[in-house]
Amino acid sequence: MTLNPADEKLAKRLPEGILRDLSPSYLEEPRGRFLGQAGLIAAPRDVEEAAAVVCACAEMLVPIVPRGGGTGLVGGQVMSDGPAPLILSLERMTAIRGVYANEGVMLAEAGATLQQARDAAAEAGRQFPLSLAAQGTAQIGGVLSTNAGGVNVLRHGNARALCLGIEAVLPSGEIMHDLKRLRKDNTGYDLRDLLIGAEGTLGIITAASLVLAPVPAETGVAMLVVDSPEAALQLLSLAQSRMAGGVTAFELISGQGLEFLSEHFPQIRQPFDTRPDWTALVEVGLPAGLQADTALEDLFVAGAEAGLVSDGVIAQSGQQAGEFWNLREHIPEANRAVGAIASHDISLPLSEIAGFIRDAGKMLAEQGDLRINCFGHLGDGNLHYNLFPAQGRHRDEYDDIRRDLSYRIHEMVVTRGGSFSAEHGVGRLKTDDLARWGDPARLAAMRAIKRALDPAGIMNPGAILPISS
(Lines give C-alpha, C1' and ligand atoms only; values in the text may rest on other atoms or scores of the structure.)
Protein backbone atom coordinates (compact mmCIF):
# COMPACT_ATOMS: atom_id res chain seq x y z
CA MET A 1 0.00 0.00 0.00
CA THR A 2 1.11 3.55 -0.70
CA LEU A 3 1.52 5.58 2.46
CA ASN A 4 0.65 9.25 2.75
CA PRO A 5 2.43 12.09 4.57
CA ALA A 6 1.22 13.41 7.91
CA ASP A 7 -0.43 16.71 7.00
CA GLU A 8 -3.13 19.17 7.99
CA LYS A 9 -5.89 16.76 6.99
CA LEU A 10 -4.62 14.30 9.57
CA ALA A 11 -4.05 17.05 12.14
CA LYS A 12 -7.75 17.91 12.06
CA ARG A 13 -8.63 14.36 13.09
CA LEU A 14 -6.37 14.22 16.12
CA PRO A 15 -7.38 14.96 19.74
CA GLU A 16 -7.22 18.63 20.68
CA GLY A 17 -3.97 19.86 22.23
CA ILE A 18 -1.98 16.79 21.24
CA LEU A 19 0.37 18.29 18.64
CA ARG A 20 3.89 19.53 19.36
CA ASP A 21 6.08 21.99 17.48
CA LEU A 22 8.43 20.44 14.91
CA SER A 23 11.57 20.71 17.01
CA PRO A 24 14.81 19.38 15.45
CA SER A 25 15.40 17.27 18.56
CA TYR A 26 12.66 14.88 17.41
CA LEU A 27 14.54 14.23 14.17
CA GLU A 28 17.96 13.36 15.57
CA GLU A 29 19.69 10.27 16.92
CA PRO A 30 22.85 10.13 19.07
CA ARG A 31 25.37 8.90 16.49
CA GLY A 32 24.34 11.34 13.78
CA ARG A 33 24.04 8.64 11.12
CA PHE A 34 20.42 9.45 10.30
CA LEU A 35 18.42 12.67 10.07
CA GLY A 36 14.70 12.14 10.39
CA GLN A 37 11.70 13.94 9.00
CA ALA A 38 8.19 14.57 10.29
CA GLY A 39 4.95 15.99 9.06
CA LEU A 40 3.41 16.12 12.54
CA ILE A 41 4.51 15.39 16.09
CA ALA A 42 1.86 14.12 18.50
CA ALA A 43 2.27 13.63 22.24
CA PRO A 44 -0.78 11.85 23.70
CA ARG A 45 -1.65 12.27 27.36
CA ASP A 46 -3.07 8.78 27.85
CA VAL A 47 -3.57 5.49 26.08
CA GLU A 48 -6.96 6.51 24.70
CA GLU A 49 -5.42 9.51 22.95
CA ALA A 50 -2.59 7.30 21.66
CA ALA A 51 -5.19 4.90 20.25
CA ALA A 52 -7.06 7.79 18.60
CA VAL A 53 -3.85 8.88 16.88
CA VAL A 54 -3.11 5.38 15.61
CA CYS A 55 -6.71 4.93 14.42
CA ALA A 56 -6.53 8.14 12.41
CA CYS A 57 -3.17 7.19 10.90
CA ALA A 58 -4.44 3.71 10.04
CA GLU A 59 -7.50 5.10 8.24
CA MET A 60 -5.44 7.68 6.32
CA LEU A 61 -2.45 5.36 5.69
CA VAL A 62 0.05 7.64 7.43
CA PRO A 63 3.29 6.15 8.77
CA ILE A 64 3.98 6.39 12.51
CA VAL A 65 7.41 6.56 14.12
CA PRO A 66 7.22 5.98 17.90
CA ARG A 67 9.56 8.18 19.93
CA GLY A 68 10.86 7.54 23.43
CA GLY A 69 13.92 9.21 24.90
CA GLY A 70 15.72 9.12 21.57
CA THR A 71 18.78 7.34 22.98
CA GLY A 72 18.72 4.35 20.60
CA LEU A 73 21.91 3.73 18.65
CA VAL A 74 20.62 2.02 15.47
CA GLY A 75 18.28 4.65 14.01
CA GLY A 76 15.01 3.07 15.02
CA GLN A 77 13.63 6.41 16.23
CA VAL A 78 14.04 8.36 12.97
CA MET A 79 12.67 7.87 9.45
CA SER A 80 14.70 9.57 6.73
CA ASP A 81 12.98 8.31 3.58
CA GLY A 82 9.43 8.05 2.31
CA PRO A 83 6.39 10.20 3.15
CA ALA A 84 6.86 12.44 6.18
CA PRO A 85 5.56 10.41 9.15
CA LEU A 86 3.71 11.31 12.29
CA ILE A 87 6.10 11.04 15.21
CA LEU A 88 4.25 9.71 18.23
CA SER A 89 6.09 10.80 21.36
CA LEU A 90 5.35 9.18 24.72
CA GLU A 91 6.90 12.10 26.62
CA ARG A 92 3.64 13.08 28.37
CA MET A 93 2.78 9.57 29.58
CA THR A 94 5.13 9.52 32.56
CA ALA A 95 3.04 8.26 35.47
CA ILE A 96 4.09 5.54 37.86
CA ARG A 97 0.64 3.99 38.17
CA GLY A 98 1.43 1.79 41.13
CA VAL A 99 4.19 0.16 43.15
CA TYR A 100 3.44 -3.19 44.81
CA ALA A 101 6.54 -3.71 46.90
CA ASN A 102 5.46 -6.98 48.49
CA GLU A 103 4.66 -8.41 45.06
CA GLY A 104 7.85 -7.07 43.53
CA VAL A 105 5.92 -5.24 40.80
CA MET A 106 5.64 -1.70 39.45
CA LEU A 107 3.22 -0.31 36.86
CA ALA A 108 4.86 2.45 34.82
CA GLU A 109 3.80 4.37 31.74
CA ALA A 110 6.00 4.22 28.69
CA GLY A 111 7.19 7.83 28.89
CA ALA A 112 8.61 7.48 32.39
CA THR A 113 12.39 7.49 32.27
CA LEU A 114 14.36 4.53 33.48
CA GLN A 115 15.73 6.72 36.25
CA GLN A 116 12.19 7.62 37.37
CA ALA A 117 11.33 3.94 37.58
CA ARG A 118 14.50 3.18 39.53
CA ASP A 119 13.82 6.06 41.93
CA ALA A 120 10.21 4.95 42.50
CA ALA A 121 11.40 1.43 43.25
CA ALA A 122 14.03 2.73 45.68
CA GLU A 123 11.41 4.77 47.54
CA ALA A 124 9.51 1.52 48.11
CA GLY A 125 12.61 -0.29 49.36
CA ARG A 126 13.08 -2.26 46.15
CA GLN A 127 15.16 -1.95 43.00
CA PHE A 128 14.35 -1.98 39.33
CA PRO A 129 17.64 -3.53 38.26
CA LEU A 130 17.80 -2.49 34.60
CA SER A 131 20.67 0.01 34.45
CA LEU A 132 22.01 1.96 31.47
CA ALA A 133 24.34 4.93 31.11
CA ALA A 134 21.45 6.80 29.43
CA GLN A 135 18.91 5.97 32.15
CA GLY A 136 18.18 9.63 32.87
CA THR A 137 16.83 10.03 29.33
CA ALA A 138 15.89 6.54 28.13
CA GLN A 139 12.18 5.81 28.59
CA ILE A 140 10.47 2.60 29.69
CA GLY A 141 8.68 2.20 26.37
CA GLY A 142 11.94 2.55 24.50
CA VAL A 143 13.94 0.12 26.63
CA LEU A 144 11.19 -2.48 26.21
CA SER A 145 10.77 -1.86 22.49
CA THR A 146 14.50 -2.45 22.01
CA ASN A 147 14.77 -5.14 24.71
CA ALA A 148 17.61 -3.16 26.26
CA GLY A 149 20.35 -4.85 28.25
CA GLY A 150 22.86 -2.89 30.31
CA VAL A 151 25.25 -3.87 33.06
CA ASN A 152 23.03 -6.11 35.23
CA VAL A 153 21.87 -8.67 32.68
CA LEU A 154 24.20 -11.26 34.18
CA ARG A 155 22.05 -11.43 37.32
CA HIS A 156 18.67 -9.97 36.43
CA GLY A 157 18.25 -10.48 32.69
CA ASN A 158 17.47 -7.91 30.01
CA ALA A 159 14.33 -5.80 29.67
CA ARG A 160 12.22 -8.73 28.48
CA ALA A 161 13.00 -10.68 31.65
CA LEU A 162 11.92 -7.71 33.77
CA CYS A 163 8.47 -7.25 32.26
CA LEU A 164 5.34 -9.17 33.31
CA GLY A 165 2.79 -7.46 31.10
CA ILE A 166 2.16 -4.53 28.80
CA GLU A 167 -0.52 -2.16 27.67
CA ALA A 168 -0.14 -1.33 23.98
CA VAL A 169 -1.88 0.20 21.00
CA LEU A 170 -1.91 -2.18 18.04
CA PRO A 171 -1.62 -0.99 14.40
CA SER A 172 -5.40 -1.13 14.05
CA GLY A 173 -5.79 1.36 16.89
CA GLU A 174 -7.11 -1.28 19.28
CA ILE A 175 -5.83 -1.15 22.84
CA MET A 176 -4.34 -4.38 24.17
CA HIS A 177 -5.00 -4.53 27.91
CA ASP A 178 -2.42 -7.00 29.16
CA LEU A 179 -0.97 -5.05 32.08
CA LYS A 180 -0.91 -8.02 34.42
CA ARG A 181 1.06 -8.54 37.61
CA LEU A 182 1.23 -12.30 37.15
CA ARG A 183 4.34 -14.46 36.92
CA LYS A 184 2.32 -17.41 35.61
CA ASP A 185 -0.22 -16.92 32.84
CA ASN A 186 -0.29 -19.64 30.18
CA THR A 187 -3.31 -18.42 28.22
CA GLY A 188 -2.19 -18.53 24.63
CA TYR A 189 0.37 -16.68 22.55
CA ASP A 190 2.61 -14.33 24.52
CA LEU A 191 1.96 -11.05 22.71
CA ARG A 192 3.93 -9.22 25.39
CA ASP A 193 7.13 -10.90 24.24
CA LEU A 194 6.19 -10.27 20.62
CA LEU A 195 6.01 -6.51 21.11
CA ILE A 196 9.08 -6.34 23.34
CA GLY A 197 12.05 -5.99 21.03
CA ALA A 198 9.87 -5.18 18.00
CA GLU A 199 11.10 -1.57 17.95
CA GLY A 200 7.63 -0.13 17.42
CA THR A 201 6.99 -2.10 14.23
CA LEU A 202 4.07 -4.13 15.65
CA GLY A 203 2.47 -1.62 18.00
CA ILE A 204 3.19 1.05 20.57
CA ILE A 205 3.83 0.09 24.19
CA THR A 206 2.09 2.62 26.44
CA ALA A 207 2.63 1.07 29.89
CA ALA A 208 4.30 -1.92 31.47
CA SER A 209 4.19 -4.13 34.53
CA LEU A 210 7.80 -4.30 35.69
CA VAL A 211 9.62 -6.73 37.97
CA LEU A 212 11.20 -5.31 41.12
CA ALA A 213 13.96 -7.06 43.03
CA PRO A 214 15.06 -6.91 46.67
CA VAL A 215 17.95 -4.61 47.44
CA PRO A 216 21.03 -6.63 48.47
CA ALA A 217 22.05 -6.14 52.10
CA GLU A 218 25.71 -6.00 51.11
CA THR A 219 27.25 -4.68 47.89
CA GLY A 220 30.84 -4.43 46.80
CA VAL A 221 32.76 -3.32 43.73
CA ALA A 222 36.30 -4.12 42.63
CA MET A 223 38.57 -3.52 39.67
CA LEU A 224 40.85 -6.50 39.10
CA VAL A 225 43.74 -6.63 36.63
CA VAL A 226 43.75 -9.75 34.47
CA ASP A 227 46.29 -10.90 31.93
CA SER A 228 43.84 -11.61 29.12
CA PRO A 229 40.17 -11.99 28.21
CA GLU A 230 40.58 -15.73 28.79
CA ALA A 231 41.79 -15.04 32.33
CA ALA A 232 38.81 -12.70 32.83
CA LEU A 233 36.42 -15.47 31.79
CA GLN A 234 38.06 -17.91 34.17
CA LEU A 235 37.78 -15.29 36.92
CA LEU A 236 34.08 -14.88 36.11
CA SER A 237 33.55 -18.63 36.48
CA LEU A 238 35.47 -18.59 39.76
CA ALA A 239 33.40 -15.67 41.09
CA GLN A 240 30.11 -17.36 40.19
CA SER A 241 31.21 -20.60 41.83
CA ARG A 242 32.17 -18.83 45.03
CA MET A 243 29.17 -16.46 45.17
CA ALA A 244 26.38 -18.39 43.48
CA GLY A 245 23.84 -15.84 42.26
CA GLY A 246 25.73 -13.01 43.94
CA VAL A 247 27.63 -11.56 40.97
CA THR A 248 25.59 -8.62 39.71
CA ALA A 249 27.91 -7.30 37.00
CA PHE A 250 31.15 -8.37 35.37
CA GLU A 251 32.59 -5.88 32.88
CA LEU A 252 35.67 -6.14 30.70
CA ILE A 253 37.74 -2.98 30.16
CA SER A 254 40.65 -2.76 27.73
CA GLY A 255 43.79 -0.69 28.07
CA GLN A 256 42.84 1.15 24.87
CA GLY A 257 39.63 2.33 26.52
CA LEU A 258 41.57 3.60 29.53
CA GLU A 259 43.96 5.43 27.18
CA PHE A 260 41.02 7.15 25.47
CA LEU A 261 39.75 8.19 28.91
CA SER A 262 43.15 9.66 29.80
CA GLU A 263 43.16 11.66 26.57
CA HIS A 264 39.64 13.07 26.73
CA PHE A 265 38.58 12.83 30.39
CA PRO A 266 41.80 13.34 32.35
CA GLN A 267 39.77 14.44 35.39
CA ILE A 268 38.48 10.87 35.83
CA ARG A 269 40.80 9.17 38.27
CA GLN A 270 42.06 5.76 37.21
CA PRO A 271 42.87 3.26 39.96
CA PHE A 272 46.19 1.94 38.62
CA ASP A 273 49.45 3.87 38.14
CA THR A 274 50.39 1.64 35.21
CA ARG A 275 47.61 1.24 32.68
CA PRO A 276 46.71 -2.49 32.46
CA ASP A 277 45.89 -4.16 29.16
CA TRP A 278 42.78 -5.78 30.62
CA THR A 279 40.69 -5.09 33.71
CA ALA A 280 37.55 -6.71 35.11
CA LEU A 281 35.04 -4.49 36.91
CA VAL A 282 33.11 -6.73 39.30
CA GLU A 283 30.06 -5.90 41.39
CA VAL A 284 28.49 -8.29 43.88
CA GLY A 285 25.30 -8.09 45.91
CA LEU A 286 24.96 -10.42 48.87
CA PRO A 287 22.35 -11.19 51.55
CA ALA A 288 22.60 -10.20 55.20
CA GLY A 289 25.27 -12.11 57.08
CA LEU A 290 27.77 -12.11 54.21
CA GLN A 291 30.38 -9.40 53.78
CA ALA A 292 30.82 -8.22 50.19
CA ASP A 293 34.30 -6.78 50.80
CA THR A 294 35.46 -10.05 52.32
CA ALA A 295 34.00 -12.00 49.39
CA LEU A 296 35.87 -9.78 46.93
CA GLU A 297 39.10 -10.06 48.91
CA ASP A 298 38.78 -13.83 48.89
CA LEU A 299 38.08 -13.74 45.15
CA PHE A 300 41.22 -11.68 44.60
CA VAL A 301 43.34 -14.12 46.59
CA ALA A 302 41.88 -17.15 44.82
CA GLY A 303 42.31 -15.45 41.45
CA ALA A 304 45.92 -14.54 42.20
CA GLU A 305 46.71 -18.08 43.35
CA ALA A 306 45.25 -19.39 40.09
CA GLY A 307 47.36 -16.96 38.06
CA LEU A 308 44.33 -15.01 36.85
CA VAL A 309 44.71 -11.72 38.74
CA SER A 310 47.87 -9.63 39.13
CA ASP A 311 46.55 -6.50 40.84
CA GLY A 312 43.31 -5.06 42.10
CA VAL A 313 41.47 -2.40 44.04
CA ILE A 314 38.35 -3.02 46.14
CA ALA A 315 36.16 0.04 46.64
CA GLN A 316 36.34 1.18 50.26
CA SER A 317 33.24 3.37 50.12
CA GLY A 318 30.13 3.99 48.09
CA GLN A 319 31.86 7.04 46.63
CA GLN A 320 34.79 5.01 45.37
CA ALA A 321 32.45 2.37 43.95
CA GLY A 322 30.66 5.18 42.13
CA GLU A 323 33.99 6.39 40.76
CA PHE A 324 34.70 2.95 39.34
CA TRP A 325 31.33 2.88 37.59
CA ASN A 326 31.75 6.48 36.44
CA LEU A 327 34.97 5.43 34.74
CA ARG A 328 33.21 2.55 33.00
CA GLU A 329 30.27 4.68 31.90
CA HIS A 330 32.54 7.34 30.38
CA ILE A 331 34.22 4.89 28.02
CA PRO A 332 31.49 5.38 25.36
CA GLU A 333 31.85 9.15 25.81
CA ALA A 334 35.59 8.89 25.21
CA ASN A 335 34.90 6.74 22.16
CA ARG A 336 32.67 9.46 20.73
CA ALA A 337 35.35 12.04 21.34
CA VAL A 338 37.86 9.96 19.37
CA GLY A 339 35.41 9.16 16.58
CA ALA A 340 34.86 5.53 15.64
CA ILE A 341 35.42 4.09 12.20
CA ALA A 342 32.86 1.40 13.02
CA SER A 343 31.12 0.20 16.20
CA HIS A 344 29.90 -3.34 16.79
CA ASP A 345 27.43 -4.45 19.46
CA ILE A 346 28.05 -8.19 19.43
CA SER A 347 27.41 -11.21 21.62
CA LEU A 348 29.12 -14.58 21.70
CA PRO A 349 28.96 -17.80 23.68
CA LEU A 350 31.35 -17.28 26.59
CA SER A 351 33.64 -20.06 25.42
CA GLU A 352 34.09 -18.32 22.05
CA ILE A 353 34.97 -14.84 23.32
CA ALA A 354 38.71 -15.20 23.91
CA GLY A 355 39.24 -16.86 20.54
CA PHE A 356 37.22 -14.18 18.76
CA ILE A 357 39.19 -11.34 20.36
CA ARG A 358 42.46 -13.01 19.41
CA ASP A 359 41.48 -13.87 15.83
CA ALA A 360 39.70 -10.58 15.12
CA GLY A 361 42.74 -8.66 16.33
CA LYS A 362 44.98 -10.63 13.94
CA MET A 363 42.59 -10.09 11.04
CA LEU A 364 42.33 -6.36 11.63
CA ALA A 365 46.09 -5.96 11.94
CA GLU A 366 46.28 -7.09 8.32
CA GLN A 367 43.63 -4.63 7.12
CA GLY A 368 45.12 -1.29 8.08
CA ASP A 369 46.53 0.98 10.73
CA LEU A 370 43.77 1.26 13.35
CA ARG A 371 43.02 0.94 17.06
CA ILE A 372 40.56 -1.42 18.78
CA ASN A 373 38.60 -0.68 21.92
CA CYS A 374 37.02 -3.95 23.05
CA PHE A 375 34.95 -3.63 26.22
CA GLY A 376 31.55 -4.48 27.61
CA HIS A 377 29.36 -6.85 29.53
CA LEU A 378 31.59 -9.92 29.60
CA GLY A 379 29.37 -11.69 32.13
CA ASP A 380 26.54 -12.07 29.60
CA GLY A 381 28.74 -12.42 26.51
CA ASN A 382 28.08 -8.91 25.12
CA LEU A 383 31.08 -6.99 23.77
CA HIS A 384 31.31 -3.54 22.23
CA TYR A 385 34.01 -4.10 19.64
CA ASN A 386 34.80 -0.68 18.20
CA LEU A 387 37.41 0.41 15.64
CA PHE A 388 39.20 3.75 15.67
CA PRO A 389 41.69 5.56 13.45
CA ALA A 390 45.37 5.41 14.25
CA GLN A 391 46.80 8.30 16.24
CA GLY A 392 46.90 11.41 14.07
CA ARG A 393 44.43 10.09 11.49
CA HIS A 394 40.69 10.77 11.00
CA ARG A 395 37.96 8.16 10.66
CA ASP A 396 36.95 9.53 7.25
CA GLU A 397 40.24 8.18 5.88
CA TYR A 398 38.87 4.66 6.42
CA ASP A 399 35.56 5.11 4.57
CA ASP A 400 36.67 2.84 1.75
CA ILE A 401 37.18 -0.15 4.07
CA ARG A 402 34.67 0.55 6.85
CA ARG A 403 31.88 -1.66 5.51
CA ASP A 404 34.26 -4.48 4.72
CA LEU A 405 35.70 -4.36 8.25
CA SER A 406 32.23 -4.63 9.77
CA TYR A 407 31.33 -7.45 7.41
CA ARG A 408 34.43 -9.40 8.42
CA ILE A 409 33.78 -8.87 12.13
CA HIS A 410 30.13 -9.88 11.91
CA GLU A 411 31.03 -12.92 9.83
CA MET A 412 33.49 -14.04 12.51
CA VAL A 413 30.82 -13.50 15.19
CA VAL A 414 28.03 -15.35 13.39
CA THR A 415 30.35 -18.22 12.47
CA ARG A 416 31.04 -18.67 16.18
CA GLY A 417 27.34 -18.84 17.02
CA GLY A 418 27.07 -15.19 18.04
CA SER A 419 24.87 -12.21 17.20
CA PHE A 420 25.65 -9.00 15.30
CA SER A 421 23.22 -7.10 17.56
CA ALA A 422 23.39 -8.00 21.23
CA GLU A 423 21.45 -5.22 22.94
CA HIS A 424 21.02 -2.20 20.65
CA GLY A 425 18.51 -3.74 18.26
CA VAL A 426 18.31 -3.64 14.46
CA GLY A 427 16.65 -0.31 13.76
CA ARG A 428 17.46 1.03 10.31
CA LEU A 429 21.21 0.67 10.68
CA LYS A 430 21.34 -3.13 10.67
CA THR A 431 18.52 -4.18 8.35
CA ASP A 432 21.03 -5.40 5.75
CA ASP A 433 22.88 -7.37 8.42
CA LEU A 434 19.65 -9.04 9.49
CA ALA A 435 18.82 -9.94 5.88
CA ARG A 436 22.32 -11.34 5.41
CA TRP A 437 22.81 -13.24 8.66
CA GLY A 438 19.27 -14.00 9.81
CA ASP A 439 17.83 -17.49 9.59
CA PRO A 440 15.57 -17.66 6.49
CA ALA A 441 12.71 -19.44 8.27
CA ARG A 442 12.84 -16.96 11.13
CA LEU A 443 12.84 -14.00 8.75
CA ALA A 444 9.87 -15.44 6.86
CA ALA A 445 7.96 -15.80 10.12
CA MET A 446 8.82 -12.22 11.07
CA ARG A 447 7.52 -10.93 7.74
CA ALA A 448 4.32 -12.94 8.15
CA ILE A 449 3.76 -11.53 11.64
CA LYS A 450 4.35 -8.00 10.38
CA ARG A 451 1.84 -8.46 7.55
CA ALA A 452 -0.74 -9.97 9.89
CA LEU A 453 -0.60 -7.28 12.56
CA ASP A 454 0.27 -4.30 10.37
CA PRO A 455 -1.05 -5.05 6.87
CA ALA A 456 -0.81 -1.41 5.77
CA GLY A 457 2.79 -1.16 7.03
CA ILE A 458 2.26 2.07 8.97
CA MET A 459 4.21 1.14 12.12
CA ASN A 460 7.80 2.43 11.99
CA PRO A 461 8.32 1.57 8.31
CA GLY A 462 11.85 0.49 7.45
CA ALA A 463 12.86 -0.48 10.97
CA ILE A 464 14.02 -4.11 11.39
CA LEU A 465 12.51 -5.22 8.07
CA PRO A 466 12.96 -3.24 4.84
CA ILE A 467 9.78 -1.62 3.57
CA SER A 468 9.75 -3.99 0.59
CA SER A 469 9.43 -6.94 3.02
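Two strands are taken to pair if DSSP finds at least two bridges between them. Helices (H or I, at least four residues) and strands (E, at least two) are DSSP runs, numbered from the N terminus. The structure is a predicted model, in which local features need pLDDT of at least 70 and side-chain atom pairs count only at pLDDT 80 or more, whereas totals for chains, interfaces and linings use all residues. Residues are numbered from 1 along each chain as its sequence is written, and side-chain values use heavy atoms, with hydrogens and water left out.

The protein chain contains 14 helices and 18 strands. Its radius of gyration, taken over C-alpha atoms, is 23 Å, close to the 23 Å given for 469 residues by the globule rule (2.2 Å times the number of residues to the power 0.38), so the chain is as compact as a globular protein of that length. Along the principal axes, the C-alpha atoms of the protein chain fill a box of roughly 70 × 55 × 45 Å. Of the 469 residues, 53% count as buried; buried means under 20% relative accessible area, exposed over 50%, and partly exposed in between (1.4 Å probe, protein chains only). Contact is defined as heavy atoms within 4.5 Å. Among contacts between residues at least 6 apart in sequence, 74% join residues at least 24 apart.

An open sheet is formed by five strands in the order β5-β6-β10-β8-β9, with antiparallel pairing. The edges are occupied by β5 (96-100) and β9 (175-178), each of which has a single partner strand, so one side of each lacks a neighbour in the sheet. On average, neighbouring strands of this sheet are turned by 15 degrees against each other, direction ignored. Angles in general run from 0 to 180 degrees between N-to-C directions, and axes are lines fitted to C-alpha atoms, for helices over the stretch in contact. Helix α2 (residues 47-60) packs on the sheet and touches β8 (163-169), β9 and β10, its direction making about 50 degrees with that of β8.

At one edge, β5 is joined to the antiparallel β6 by four bridges, and Gly 98 stands opposite Leu 107 in β6. The hairpin of these two strands has four residues between them, and Gly 104 takes a positive phi near 70 degrees there. Strand β6 (residues 105-109) is in turn joined to the antiparallel strand β10 (residues 204-211) by five bridges, with Met 106 opposite Leu 210 in β10.

At the other edge, β8 and β9 pair in the antiparallel sense over four bridges, and Glu 167 has His 177 in β9 as its bridge partner. The hairpin of β8 and β9 has five residues between the strands, and Gly 173 takes a positive phi near 95 degrees. Met 176 and Asp 178 make up the covered face of β9, while Ile 175 and His 177 make up the uncovered one.

Elsewhere, helix α8 (residues 255-264) packs against helix α10 (residues 318-338) at an angle of about 75 degrees, with the axes 8 Å apart. The two helices are therefore roughly perpendicular, a class that covers 65 to 115 degrees, with angles under 35 counted as roughly parallel, over 145 as roughly antiparallel and the rest as oblique. Residues of α8 in this contact include Leu 258 and Phe 260, which lie among those that meet a set in α10 including Leu 327 and His 330.

Asp 433 lies in helix α13 (residues 431-437) and counts as buried, at 14% relative accessibility. Leaving aside neighbours within four places in sequence, Asp 433 is in contact with His 410, Phe 420 and Gly 438.
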